[in-house]
Amino acid sequence: MADSAGFENTAVYQSTGGVAIMRAIRAYGIDTIFGIPGTHNLEFYRPLAELGIRPVTTRHEQGAGYAADGWSQRTGLPGVVITTSGPGLLNVLSAAGTAFCESRPLLILSPGTPRGTGYQDRGALHESKDPTGAAGAVVLWSRRVESAAAAVEAVHEAFALFEAGRPRPVHIEVPLDVLEEPAVVDEQDLERRRTSPVAPDSDAVRAAAELLGAASRPLIVAGGGAVPAAAAVRALAERLGAPVVTTLNGKGVLPESHPLSLRAELRLAATADLIRESDAVLVIGSKLGEAERWGNDFAPAGPVVRIDVDPGRIDTNATADLAIVGDSRLAVPELVASLGAARAHRDADELEAVRAAQRAEAAAFSPAVMRAADAITAALPPEATVAGDSSQITYYGMTSTVLQDGPHRFLYMPAYATLGYGLPAAIGAAIAEPGVPSVCVLGDGALMFSVQELVTAVEQGVDLTVVVVDNGGYREIRENEADRGIAPVGVDLRQPDWPLLADAFGGRGHAVTSAAAVGPTVAAAIAEPGVSLVHVPLHLFEAAGAQTGVSTGASTTATTFSEERISA
């Protein structure tokens, strides 16, 4: 049948708005969603089994957002969260704030009041003044749609952003009548759309190649935006003979056992000193965040070249002398192709001295924490995914001791620095990669923010090891209070019986009573199936020179990386 313009009508798909939306999402390869079913969002859930989408029910929507983040980092696909209206949506906004601050792809779906009703202050169930506006204050964009077709179009716009822009969270509010009523949507509009990455200006790339090729002491800083171009970043570093330091979001872009790797230590003064001596610095996909630099400046001796897909970030925290706006997937390989012959690497002894200075500096922040981190790290399989939290054991220890050969294996949020992230993120990673060890290492205060998700891990049947390093509460804030001359207030926390708590959730709890027992206990916990928790009192490591059986040099995990593994 032809319309008045003579074109054949496309086939249409008749179903509810909720089914159409989920079909569009499934077309992008999404086979897992996170959230909590509620009275108003059930039409999102109706088609999941038919579409082959696994629903993961967390015990709090914030946990759903963080689990979606961990799943996303390990699959390379955007995370999707379904909340109910009102409190469900508001509960996920801390996770949305994390995704925004760390530039990660997250799609949040929530129901809303029927069209034409809006906020009436009548005490309706989950009534909220302006849920779209509330989410919009946190995410990149928040949109209330007025039809199923508009909702499907918003899904496509979200995935276009995720595929070709700077990934950030978005929210779609679907009115209840749109969600539940029959919808007529063109069948072809439910299919995946391809979005091309942003191509760089070739003249700018050639100019960058000339500048970097002429430098005698070039250096590369790789952020989260460099992850899609990891192989090309390695080729570039080897062609230039340039050391690579990463942000924590870029950790593993260059294998951290590679001789040119200066690891994810942008925060350290030893790294800042090397940057100051560099006569050209290339920054790939990073805003050089203040939280990543811990107060250190970014002041290289020579020009700064920056590659970023977001033109609004090209001068953030350091003005670019030469800017390349484009996707790293295209810009970095083109830069490699524009360079001349490979040259000798930076002197190996010099870089080893920098790594030694980094290690000494990192250990000085908290020697006890570093000893604990060493003991835990020695027990980790090289292929493990490690999740952290805004805990001293993470930012004073594990970020330095855990050396990884690939990106997105250290799940963390260095800028947003939220508590409650580590456990659900580790669950998401375990769901994404069955059979790959997923280990969460965090503090006691952080674990209490999301401890309820232990039962989610048990329910989902994942293999997960949680190592809780107990320093008695909010130790960092206790130290902040002392620095200001404030007596400890609100920071010394009562502790549960951690192993018993794990048992109560259906896992297995393990207590260690000596520093030497930490490594063997963690290794045994990782080896056993299901959910395990290891309780590590920090005081075991607080005695000067506590015996752990682990060297305070490079971690055991790092030394197991073979040349074959580096090149894999």
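**Exercise 1. Helix contact**

Task: In this predicted model, determine which residues of H4 meet which residues of H6, and classify the contact by residue type.

Solution.
1. On the H4 side, the residues are Gln62, Gly65 and Tyr66; they meet Ser94, Ala95 and Thr98 in H6.
2. Sorted by class, the contact of H4 with H6 comprises two nonpolar and four polar residues, with no charged ones.
3. Two packed helices are described by the angle between their axes and the distance between the axes.
4. Helix H4 covers residues 61–75 and helix H6 residues 93–101; their axes come within 7 Å and cross at roughly 25°.
5. Angles under 35 degrees count as roughly parallel, so H4 is roughly parallel to H6.

**Exercise 2. Nonpolar cores**

Task: Find which residues touch the most other members of the largest nonpolar core, and which helix gives the largest share of this core.

Solution.
1. The largest nonpolar core has 113 residues, and Met22, Ile25, Leu107 and Met398 touch the most other members.
2. Helix H8 (residues 148–164) supplies the largest share of this core, nine residues.
3. Take Met22 as a case: leaving aside residues up to four places away in sequence, Met22 touches Ile33, Phe44, Pro47, Leu48, Leu51, Ile53, Ile82 and Leu109.
4. Another core, of 49 residues, lies apart from the largest one; among its members are Ile220, Ala232, Leu274 and Leu335.

**Exercise 3. Aromatic pairs**

Task: State how many aromatic pairs the structure holds, and assign a geometry to the pair Phe34 and Trp71 and to the pair Phe410 and Tyr412.

Solution.
1. There are 10 aromatic pairs in the structure.
2. For Phe34 and Trp71, the ring centres are 6.3 Å apart and the planes stand at 65°, so this pair is edge-to-face.
3. Phe34 belongs to strand E2 (residues 32–35) and Trp71 to helix H4, so the pair ties together parts 37 residues apart in sequence.
4. Both Phe34 and Trp71 are buried.
5. The rings of Phe410 and Tyr412 have centres 6.2 Å apart and planes at 80°, so this pair is also edge-to-face.
6. Phe410 and Tyr412 are both buried.
7. One aromatic cluster is formed by Trp294, Phe365, Tyr395 and Tyr396.

**Exercise 4. The surroundings of Gly241**

Task: Decide whether Gly241 is buried or exposed, and list what Gly241 touches beyond its sequence neighbours.

Solution.
1. Gly241 sits in the loop between helix H11 (230–240) and strand E10 (244–246).
2. The relative accessibility of Gly241 is 3%, so Gly241 counts as buried.
3. With residues up to four places away in sequence not counted, Gly241 touches Leu260, Arg343, Ala344, His345 and Arg346.
4. The C-alpha atoms of Gly241 and His345 are 3.8 Å apart in space, although the two are 104 residues apart in sequence.

**Exercise 5. Positive phi outside glycine**

Task: Locate Leu288 and His408, give the phi of Leu288 and of His408, and classify the accessibility of Leu288 and of His408.

Solution.
1. Leu288 lies in the loop between strand E11 (280–284) and helix H13 (290–293).
2. Its phi is near 55°, a positive value in a residue other than glycine.
3. Leu288 has 0% relative accessibility and therefore counts as buried.
4. His408 lies in the loop between helix H17 (392–401) and strand E15 (410–411).
5. The phi of His408 is positive, about 60°, although His408 is not a glycine.
6. At 23% relative accessibility, His408 counts as partly exposed, since buried means under 20% and exposed over 50%.

Note on methods:
Residues numbered from 1 in each chain as written. Predicted model: local features only at pLDDT ≥ 70, side-chain atom pairs only at ≥ 80, totals over all residues. Heavy atoms only, no water. Axes fitted to C-alpha atoms, helices over the stretch in contact; angles between N-to-C directions. Helix = DSSP H or I, 4+ residues; strand = E, 2+ residues; numbered from the N terminus. Parallel < 35°, antiparallel > 145°, perpendicular 65-115°, else oblique. Contact = heavy atoms within 4.5 Å. Nonpolar A, V, L, I, M, F, W, Y, C, P; charged D, E, K, R; others polar. Core = buried A, V, L, I, M, F, W, Y, C linked by side-chain atoms within 4.5 Å. Buried < 20%, exposed > 50% of the residue type's maximum accessible area, 1.4 Å probe, protein only. Phe/Tyr/Trp six-rings, centres within 6.5 Å; stacked < 30°, edge-to-face > 60°.
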